[in-house]
Amino acid sequence: MESNVIATTPFEGQRPGTSGLRKKVRTFQQPHYLENFVQAIFDTQTELAGGTLVVGGDGRYYNREAIQVILRMAAANGVARVLVGRGGILSTPAVSCVIRKYKTQGGIVLSASHNPGGPEEDFGIKFNVAAGGPAPESVTEAIFARTQSIDRYRVLDCPNTNLDMLGTVAIGAMQVEVIDPVADYAALMEDLFDFNAIRALFDSGLFSMRFDAMHAVTGPYATEILENRLGALPGTVMNGIPLEDFGGGHPDPNLAHAHDLVALCEGPHALDFGAASDGDGDRNMILGKNFFVTPSDSLAVLAANAHLTPGYHSGIRGIARSMPTSQAADRVAEALGVECFETPTGWKFFGNLLDAGRITLCGEESFGTGSDHVREKDGLWAVLFWLNLLAVRQQSVAEIVSEHWRQYGRNYYTRHDYEAVDAKAAGALVDHLRIMLPALPGQRFGNYTVAYADDFAYTDPIDGSVSANQGIRIGFEGGSRIVLRLSGTGTEGATLRVYLEFYEPDPSRHHQDTQEAMAPLILIARELAQIEARTGRAEPTVIT
Ligand code: VG1
Ligand code: CO
């Protein structure tokens with residue numbers, strides 16, 4: 001087998017966004033496009049030569065082809081050993097689990113998460129470091145810099161590797177071990193949660209649930225853990241077979257895209273519990289009987305109840321949330337007397353805090369929750385955490401959350417997304433807000449008085465690195481907030497995200513409709529940002 005050095009020239013725009021490089025499949029299929037990015041990883045992450053790399057993806061269209069390219073390039077770049085999930089499948093949290101368990105030098109995750117899949121849709125690639133988490137900005141910037149000057153890549157001339165058979169094969173001097181994608185992850189979940197208590201809940205026959213895998217990567221994980229190990233009824237996992245195009249849908253677990261599951265949790269015959277995960281298995285949505293748990297509330301409830309689970313019985317050390325996530329978790333941290341951190345959007349900002357032992361739990365409003373058990377957000381972990389709480393507390397989801405609100409107050413929360421808007425118009429909208437910021441404090445809008453207004457900047461408390469321009473924050477007296485930022489994961493035009501939060505301490509007002517309760521704040525956000533005038537959109541594309 002011959003190792004070839006292929007001449008190439010740089011592509012524009014290979015800077016990783018919030019979570020890796022995400023582009024249309026057609027972009028990745030251009031000759032040398034994927035290869036350039038992968039070679040930039042090998043050129044900058046030099047410990048991979050002679051080391052072990054984990055490779056896997058969410059099973060979307062182009063997953064298998066990309067893995068074959070990565071294997072040939074890894075062999076030519078001197079990687080000693082690759083662990084790859086059978087069928088090319090590994091969920092994002094499972095990649096993190098495997099990197100940590102086998103102490104590898106890093107991993108490559110192939111996914112565009114909740115974005116649709118298929119020949120005309122999206123693909124993505126992300127590098128995870130030896131701690132198991134997404135590469136920090138210093139690493140992604142180094143990889144990007146290398147893509148701008150790249151002039152050659154290395155690839156071994158060899159046939160495709162059979163990804164469907166467990167076992168070890170050699171490609172040149174490199175060992176490729178095809179591993180069971182579920183086993184290590186499932187074992188970790190058994191360590192963290194009380195499987196006996198959850199099994200008893202299912203055995204009681206008094207508890208009904210469905211898990212919607214949305215034809216994405218969590219199907220095999222959920223079937224093994226929920227049905228095989230915990231004894232949930234066959235059929236508990238719906239849409240459990242991973243498909244290259246996710247059945248044509250958006251594998252995005254929210255009220256808009258997981259509509260079949262939402263319907264099963266509504267009405268007089270509603271299920272007791274519904275949950276869903278996204279394309280690559282790191283997001284989660286939690287539903288009770290006629291009840292939706294916002295991801296921000298979910299983080300706060302898990303934090304307040306963590307001591308009820310085996311994995312966290314000795315308590316939590318601290319909590320972190322991304323800046324747009326509601327401040328519900330802050331109130332729990334205060335009550336527990338632990339630290340609370342506000343980080344920029346994206347899981348990579350939690351890594352240092354987790355590694356340093358400053359936090360145990362962390363989360364984002366975008367249906368992401370996780371802990372120090374891995375270095376990615378983890379969809380099924382959150383579902384099992386909730387099941388553990390339901391089994392121990394013997395209460396419904398609605399009772400647990402309502403009780404939480406009575407104790408801490410309720411942070412009403414909603415996010416309005418304006419998708420595929422003109423990128424220039426979106427940029428101008430944010431620039432205009434930035435100019436307005438200094439004059440806002442003290443101004444009154446209806447019942448709301450601006451307490452502070454800024455463009456969020458974060459200084460990492462562990463390594464001192466600074467990340468500026470992370471989103472516009474307008475905070476009001478009493479704790480309500482408007483946050484605006486542009487998405488860093490989209491592949492078409494720009495997506496404007498408007499995050500709204502309103503604090504209500506009075507329990508008699510805890511059961512209003514969210515959009516109605518937040519209407520005045522929504523109007524203020526639309527007017528301040530001149531959304532309709534600047535984007536031509538009178539209404540958001542998706543409300544979560
Ligand atoms: C979005 C979410 C962010 C999340 C990121 C990756 O980013 O808002 O909270 O970390 O997706 O999640 P953005 O830049 O589009 O707002 V995933 O499940 O897509 O890897
Ligand atoms: Co995801």
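User: Which cavity corresponds to the space taken by ligand 1?

Analyst: In this predicted model, ligand 1 takes up the space of the largest cavity.

User: What makes the shell around ligand 1 polar and charged rather than nonpolar in its division?

Analyst: The residues of this shell comprise ten polar and nine charged, with no nonpolar residue. Gly is counted as polar under the classification used, so Gly-488, one of the residues that come nearest to ligand 1, falls in the polar group. Arg is counted as charged, and Arg-497 is likewise among the nearest, together with Thr-18, Ser-113 and Thr-489. In total, 19 residues surround ligand 1.

User: Why is the approach of ligand 1 to Ser-366 called a polar contact?

Analyst: An oxygen atom of ligand 1 is 2.6 Å from an N or O atom in the side chain of Ser-366. The cut-off for a pair of N or O atoms is 3.5 Å, and the pair therefore qualifies. An oxygen atom of ligand 1 is also 2.6 Å from an N or O atom in the side chain of Arg-497. At Gly-488 the partner is a polar backbone atom, and the distance to an oxygen atom of ligand 1 is 2.6 Å.

User: How do you know whether Ser-113 is buried or exposed?

Analyst: Its relative accessibility is 2%. Buried requires a value under 20%, so Ser-113 counts as buried. Ser-113 is found in the loop between β5 and β6 (122-128).

User: What is notable about the phi of Ser-113?

Analyst: Phi is near 55 degrees, which is positive in a residue other than glycine. Most residues other than glycine have a negative phi.

User: Where is Asn-290, and why is it called partly exposed?

Analyst: Asn-290 lies in the loop between β13 (284-288) and β14 (291-293). Its relative accessibility is 47%; this is neither under 20% nor over 50%, and Asn-290 is therefore partly exposed. The phi of Asn-290 is also positive, near 50 degrees.

User: Why is α4 described as largely enclosed by the rest of the structure?

Analyst: Eight of its ten residues are buried, so the description follows from that count. The buried residues are Thr-92, Pro-93, Ala-94, Val-95, Ser-96, Cys-97, Val-98 and Ile-99.

User: What is found at the start of α4 and just after it?

Analyst: At the start, a side-chain oxygen of Ser-91 reaches to within 3.1 Å of the backbone nitrogen of Ala-94. Just after α4, Lys-103 takes a positive phi of about 50 degrees.

User: What makes Thr-104 a buried residue?

Analyst: Thr-104 has a relative accessible area of 2%, and because the limit for buried is under 20%, Thr-104 meets it. Thr-104 is found in the loop between α4 (92-101) and β5 (106-110). Beyond its neighbours up to four places away in sequence, Thr-104 touches Thr-52, Val-54, Leu-83, Val-98, Ile-99 and Ala-130.

User: How do you know that the side chain of Thr-104 makes a polar contact with Gly-106?

Analyst: The side chain of Thr-104 reaches the backbone oxygen of Gly-106 at 3.1 Å. The cut-off is 3.5 Å, so the distance satisfies it.

User: Why is Leu-302 called buried, and what does it contact?

Analyst: The relative accessible area of Leu-302 is 0%, which is under 20%, and Leu-302 is therefore buried. Leu-302 has its place in helix α10 (residues 295-305). Leaving aside neighbours within four places in sequence, Leu-302 is in contact with Leu-361, Thr-369, Trp-381, Phe-385, Trp-386 and Leu-389.

Conventions: Residues numbered from 1 in each chain as written. Chains lettered and ligands numbered in written order. Predicted model: local features only at pLDDT ≥ 70, side-chain atom pairs only at ≥ 80, totals over all residues. Heavy atoms only, no water. Helix = DSSP H or I, 4+ residues; strand = E, 2+ residues; numbered from the N terminus. Buried < 20%, exposed > 50% of the residue type's maximum accessible area, 1.4 Å probe, protein only. Polar contact = N/O pair within 3.5 Å; in protein donor to acceptor, adjacent residues only side chain to side chain. Contact = heavy atoms within 4.5 Å. Near = heavy atom within 4 Å. 1 Å grid on protein atoms, 1.4 Å probe; cavity = no way out; pocket = protein on both sides within 12 Å on 5 of 7 lines; lining within 4 Å. Sits in = over half its atoms within 2 Å of the grid points.
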